[in-house]
Amino acid sequence: MVIDSGEGVTHVVPIYEGYALPHAIYRVDIAGKDITEALANSLIEDGHVFSTPAEQEIIRDIKEKLAYVAFNFKQEMAAARESSTRDQLYELPDGQVIKVGSCRFSCTEILFEPSWVGVESCGIHEAITRSIRKCDIDVRRDMYANILLSGGTTGLPGLVNRLAKELKEMAPPTTRIRIMSPPERKYGAWIGGSILASLSSFDQELMAHGTTGGSGDCREYNKILYVTSSIYAHNPASLVAGYCLQIREPIVSLAGESTVMAVRGTQRELLKGFVRNTVSPYKLPSEK
């Protein structure tokens with residue numbers, strides 16, 4: 001079971017014996033960007049306004065350095081009201097020091113309660129449980145015992161313990177819950193892109209830039225690679241790679257460069273050179 005949570009979206013993808021189970025894939029429209037916005041709103045209530053793009057980067061830095069996931073939100077909030085032991089100081093670039101209190105953990109709670117920010121979706125723990133329940137009954141225990149985290153948002157302190165607690169409450173009795181959180185999960189998309197591009201079948205599915213004629217008509221992209229379980233079912237790593245990259249639409253090669261652009265609606269991730277010191281990057285063929 002792969003849980004990928006990055007900047008814009010969270011995906012829950014069950015994979016069994018090298019095959020993704022499309023009918024059990026869940027998407028939760030809550031991720032790192034939403035946590036950053038929730039933190040900004042909480043700081044505004046405390047009298048700290050960050051409005052410019054540069055100041056938004058300060059919010060992101062505060063999130064990465066101070067935010068965490070509470071094991072029990074109600075108890076954590078009650079403790080924060082009674083004492084200031086959970087408050088942390090953060091120094092702004094101009095030297096001003098601000099106090100960051102309960103918003104350190106309240107901003108991350110939206111991963112489990114998306115309705116708090118107006119998102120009509122279940123929390124990530126419910127998405128995992130629903131996904132596993134859609135799998136065959138014979139593989140459910142294996143899914144619970146092999147949950148893999150990927151993406152920068154999954155690096156939040158306390159997330160693994162909280163997720164295990166929530167899943168334990170929702171899973172059948174005596175079910176073993178094991179969550180794997182590799183240290184390199186923040187770079188899972190880059191590593192996955194490198195694995196994907198290293199497959200021998202990758203170059204056969206690419207479309208040269210000049211083939212489209214430059215009109216940009218979406219009908220001209222029928223030959224562009226779509227990452228699906230049927231194409232890469234023989235390679236579990238490539239499936240993880242595809243879903244970590246959140247690729248649901250074409251991968252387009254830019255002629256003459258070692259560049260692949262993953263396009264999903266208005267969101268684009270530019271993977272240039274993939275990842276150094278990982279799997280050997282694949283050199284895209286130049287335009288003829």
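## Strand β2 and its partners

Strands β2 and β5 run antiparallel and are joined by 3 bridges; a pair of strands is recognised where DSSP finds at least two bridges between them. Strands (E, at least two residues) and helices (H or I, at least four) are DSSP runs, numbered from the N terminus. The model is a predicted one, in which local features need pLDDT of at least 70 and side-chain atom pairs count only at pLDDT 80 or more, whereas totals for chains, interfaces and linings use all residues. Residues are numbered from 1 along each chain as its sequence is written, and side-chain values use heavy atoms, with hydrogens and water left out.

Within the pairing of β2 with β5, T10 stands opposite V28. On its other pairing, β2 runs antiparallel to β1, with 4 bridges between them, and V2 of β1 is placed opposite V13 of β2. These two strands, β1 and β2, make a hairpin with 4 residues between them. The side chains of β2 (residues 10-13) point in two directions, T10 and V12 one way and H11 and V13 the other, and all are buried; buried denotes under 20% relative accessible area, exposed over 50%, and partly exposed the range in between (1.4 Å probe, protein chains only).

## The five-stranded sheet

The order β5-β2-β1-β8-β9 describes an open sheet of 5 strands with mixed pairing. Because β5 (26-28) and β9 (179-180) each have a single partner strand, they stand at the edges, and one side of each is left without a neighbour in the sheet. The parallel pairing of β1 (residues 2-5) with β8 (residues 147-150) extends over 3 bridges, and D4 has S150 of β8 as its bridge partner.

I179 belongs to the edge strand β9. This residue counts as buried because its relative accessibility is 15%. Its C-alpha atom is separated by 4.7 Å from that of I147, although the two residues are 32 apart along the chain. Residues up to four places away in sequence aside, I179 has contacts (heavy atoms within 4.5 Å) with I147, L149, V160, L163, A164 and L167.

## The β6-β7 hairpin

Strand β6 (residues 88-91) is joined to β7 by 4 bridges, and the two run antiparallel. L89 has K99 of β7 as its bridge partner. The hairpin formed by β6 and β7 has 5 residues between the strands, and G95 in the turn has a positive phi of about 95 degrees. Side chains alternate along β7: I98 and V100 point to one face and are buried, whereas V97 and K99 point to the other and are not.

## Nonpolar cores

A nonpolar core is defined here as a set of buried Ala, Val, Leu, Ile, Met, Phe, Trp, Tyr and Cys residues joined through side-chain atoms within 4.5 Å. The largest has 47 residues, and those with the most contacts inside it are I62, Y90, L111, I128 and L163. At least two residues of this core are supplied by each of β5, α1 (32-45), α2 (53-66), β7 (97-100), α5 (124-134), α6 (140-144), β8 and α7 (159-170). The largest share, 5 residues, comes from α1. Another core, of 6 residues, lies apart from it and includes Y68, A70, F73 and F105.

With residues up to four places away in sequence not counted, L111 touches I30, I35, G123, I124, T153, L156 and L159. Helix α1 also contains S42, which is buried, with a relative accessible area of 18%. Outside its neighbours within four places in sequence, S42 is in contact with C103 and S106.

## Cavities

The structure holds 3 cavities of 30 Å³ or more. A cavity is a set of points, on a 1 Å grid over the protein atoms alone, where a 1.4 Å probe fits but cannot get out; its lining residues have an atom within 4 Å of a point. Grid points are joined across faces, edges and corners, and the volume is the space filled by probe spheres set on the points.

The second largest cavity has a volume of about 40 Å³. Its lining consists of I3, S5, T10, L111, I124, L149, T153, T154 and L159. These residues divide into 5 nonpolar, 4 polar and no charged, where Ala, Val, Leu, Ile, Met, Phe, Trp, Tyr, Cys and Pro count as nonpolar, Asp, Glu, Lys and Arg as charged, and the others, Gly among them, as polar.

## Overall composition

The protein has 9 helices and 12 strands, and buried residues make up 48% of its 288 residues. Of the contacts between residues at least 6 apart in sequence, 63% join residues at least 24 apart.

How values were computed. 1 Å grid on protein atoms, 1.4 Å probe; cavity = no way out; pocket = protein on both sides within 12 Å on 5 of 7 lines; lining within 4 Å.
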